[in-house]
Each structure stands twice: as structure tokens, then as C-alpha cells.
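Please walk through the fold and the side-chain contacts of the chain shown here, taking the strands before the helices and the aromatic rings.

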Amino acid sequence: MLGLSTPQVPAVFSPPFSAIDSHQDDLARYGFAVLPAVAVRALSGASEAGLQALLPDWEQLEPDEYLKDGGRYRRRRHASFTVRGDAVRDVPYRPHWQPLDYNALHGGMERWFAPVAPATLAHADWRALLRWLARVADALQGARTWYGEAHQFRIDTTDGIGRPTPEGAHRDGVDLVAVFLLARHAIKGGETRVFELDGPRGQRFTLEEPWSVLLLRDARVIHESTPIQPAEEGGHGHRDTLVVTLRAGGFLDPGA
């Protein structure tokens, strides 16, 4: 029938997965690497069952009370730790802080998020992931103590739209960032975008597989995730992630 057209479905770009034996080279060369879940398990030593056992935590996250856009779409928990070699040490609870240079929206203030559950911090596969990420950072910059933060996120469509990165494309002010995709439920959007810090090149793709991961050299690239919406009008959905950052020399603090 004249005058009618077929609605266009937004393109979904598959992640540019690195081979398990070249991800470290890709990270060094391009500033980022993406790995499927099977590679995460092989490299970290975490088991499929153990990682699955962590997922109920995301049903117990607390509202983020610091969103300056007034949104109700983000729930989270936070933890700090150090890693040197195979030694993971939990750090007494402390606020998350970023300078305005890295987070123009929420920087410059201490944000006291609900803590990660003690049982999760003690879980063998949680600690295996942290040790593996420290090995990745060691390979890039040499062995040292890494000061880490872990953020459990759920972005939902309570307000009709949820913003994984309300601050926009950004850096985190650390050395290594790992973004694990845990779940996508009844949503569209949530595309990951990675851009060269000082160049024209970029990549866009959608993480969909549980426990696939995006690794970022924070000094080399900027990144963001696009907003999410319900897959069906009037529906409700969410996107769950675990974001882990590692920084040499100490935590980001107001006096740093």
C-alpha cells in the first residue's frame, strides 16, 4: 500500500571479540579488548556455576541517591580493595569519588553507595576475577599494588528510559576498566561505544552474552553506553553490569 513503510529496526553490532591469546596485545595496541564469557572463565579460573551464583546479588542493589538528573533508573553497590600478585585485600568501606575533570556531572562529591555484600566479597570466583584483572594490568604496566573499586549496577526503565552513563562519553581516571555485561532483560539500546582519546577512530557494539567483558586502558580511550528503553511499549526492563577499575599509586580521593 502506498504511503506505508516498514519500521526500521536499529542495527545491532556484534562485539569485536579478541582471540584469547591476543587480547593482551589488542589492549596494548588499541586501548581496548572485548572477550566472550568462555575466555573470561579460562583466563580467570572462575567457573560457570560460580559466576552464576553471584547473579542474585543484582536483585538486592540499593537506589543510587546521587543522580543529579533526578532519575530513579540506577541501583548499585560499591566496594574497594587492593590486589598485588595473588593477594586480594578488602579495604574498609570508603566513598566513591571522582574529580570533575573525569565526571563533569557527578564529580567533586563523595558518594557513599551501599556496600557490596560480605558474602560476595568472600566468594572465590569474585576474587578470581579481581586477581585476573590485576594480572592484565601487570602485563600492561608492570607488577605493583593495584587500588581497585567494584561497582554492581542495575539500570532499569522505571522512568521510561535508563542511562548507563548519564555523564556521557568519559574516562574514569584509572589505569584499567573492566565492564562485565551480566544481563539484558526486555530492553533495547544499551550500545557500548569506545573512541580514541585523541583520534577519529571508534567502535560501537552491543554486549549481550552474560559475563562477556570490555577491557579498557583508561588513558587511551573514552567510553559510554547509550540509554536503554523497554523492548515493548509499557514494558519494564533492565541491564546489569559489574564495573571494576584498577589504579596505580592509590585511590582517587579529594586530596589525591
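**Strands, helices and rings**

V194 has H223 as its bridge partner in β11, while in β9 the bridge partner of V194 is Q203. This is a predicted model, and the account that follows should be read with that in mind.

The strand β8, which covers residues 192–196, pairs with β11 in the antiparallel sense, and five bridges hold that pairing. One of the bridge partners is given by E196, which is matched with V221 in β11. Towards β9, β8 again pairs in the antiparallel sense, here over four bridges, and the connection from β8 to β9 is a hairpin of five residues. Taken together, the strands form an open sheet of three, in the order β9-β8-β11 and with antiparallel pairing. Its edge strands are β9 (202–205) and β11 (221–225), each of which pairs on one side only. On average, and with direction ignored, neighbouring strands of this sheet are turned by 10 degrees against each other.

Another set of pairings is built around β6. Of the 10 residues in this strand (residues 176–185), seven are buried, so β6 is largely enclosed by the rest of the structure. It runs antiparallel to strand β10 (residues 212–217), to which it is joined by six bridges, and within this pairing F180 has V213 in β10 as its bridge partner. With β13, β6 pairs in the antiparallel sense over nine bridges, and there V179 stands opposite V243.

A residue of β6 can also be followed outwards to a loop. L55 lies in the loop between α3 (48–54) and β2 (62–63), and with a relative accessible area of 22% L55 is partly exposed, because the buried class requires a value under 20%. Leaving aside neighbours within four places in sequence, L55 is in contact with L182 and W211. The C-alpha atoms of L55 and L182 are separated by 7.7 Å, although their positions lie 127 residues apart along the chain as a sequence separation.

How are the helices α2 and α5 set against each other? The axes of α2 (residues 37–44) and α5 (residues 124–141) come within 9 Å and cross at roughly 85 degrees. Since angles of 65 to 115 degrees are classed as roughly perpendicular, α2 and α5 are therefore roughly perpendicular to each other. The residues that meet where these helices come together are V40, L43 and S44 from α2, and A128, L129, W132 and R135 from α5.

The aromatic side chains offer a further view of the chain. A pair of aromatic rings is described by the distance of the centres and the angle of the planes. Rings count as a pair if their centres lie within 6.5 Å, and by this rule the count comes to four aromatic pairs. Among them is the pair of Y93 and W112, which is tilted, with 5.9 Å from centre to centre and 50 degrees between the planes. This pair links distant parts of the chain, 19 residues apart, with both Y93 and W112 placed in the loop between β4 (87–90) and α4 (118–122). Y93 is partly exposed at a relative accessible area of 34%, and W112 likewise counts as partly exposed, at 45% relative accessibility.

A pair with another geometry is formed by Y147 and F251, whose rings are edge-to-face, with 5.3 Å between the centres and 80 degrees between the planes. Because Y147 lies in strand β5 (residues 146–156) and F251 in the segment after β13 (238–248), the pair ties together parts that are 104 residues apart in sequence. Y147 counts as partly exposed, at 26% relative accessibility, whereas F251 is buried, with a relative accessible area of 14%.

The ring of F251 also takes part in a contact with a charged group, for the charged end of R94 sits over this ring, 4.1 Å from its centre. A further arrangement of this kind involves R76, which lies over the face of F113 at 3.8 Å from the ring centre.

Methods. Residues are numbered from 1 along each chain as its sequence is written. This is a predicted model: local features need pLDDT of at least 70, side-chain atom pairs count only at pLDDT 80 or more; totals for chains, interfaces and linings use all residues. Side-chain values use heavy atoms; hydrogens and water are left out. Rings of Phe, Tyr and Trp (its six-membered ring) pair if their centres lie within 6.5 Å; planes under 30 degrees apart count as stacked, over 60 as edge-to-face and the rest as tilted. Helices (H or I, at least four residues) and strands (E, at least two) are DSSP runs, numbered from the N terminus. Buried means under 20% relative accessible area, exposed over 50%, partly exposed in between (1.4 Å probe, protein chains only). A charge sits over a ring if NZ of Lys or CZ of Arg is within 6 Å of the ring centre and within 35 degrees of the ring normal. Two strands pair if DSSP finds at least two bridges between them. Axes are lines fitted to C-alpha atoms, for helices over the stretch in contact, and angles run from 0 to 180 degrees between N-to-C directions. Contact means heavy atoms within 4.5 Å. Angles under 35 degrees count as roughly parallel, over 145 as roughly antiparallel, 65 to 115 as roughly perpendicular and the rest as oblique.
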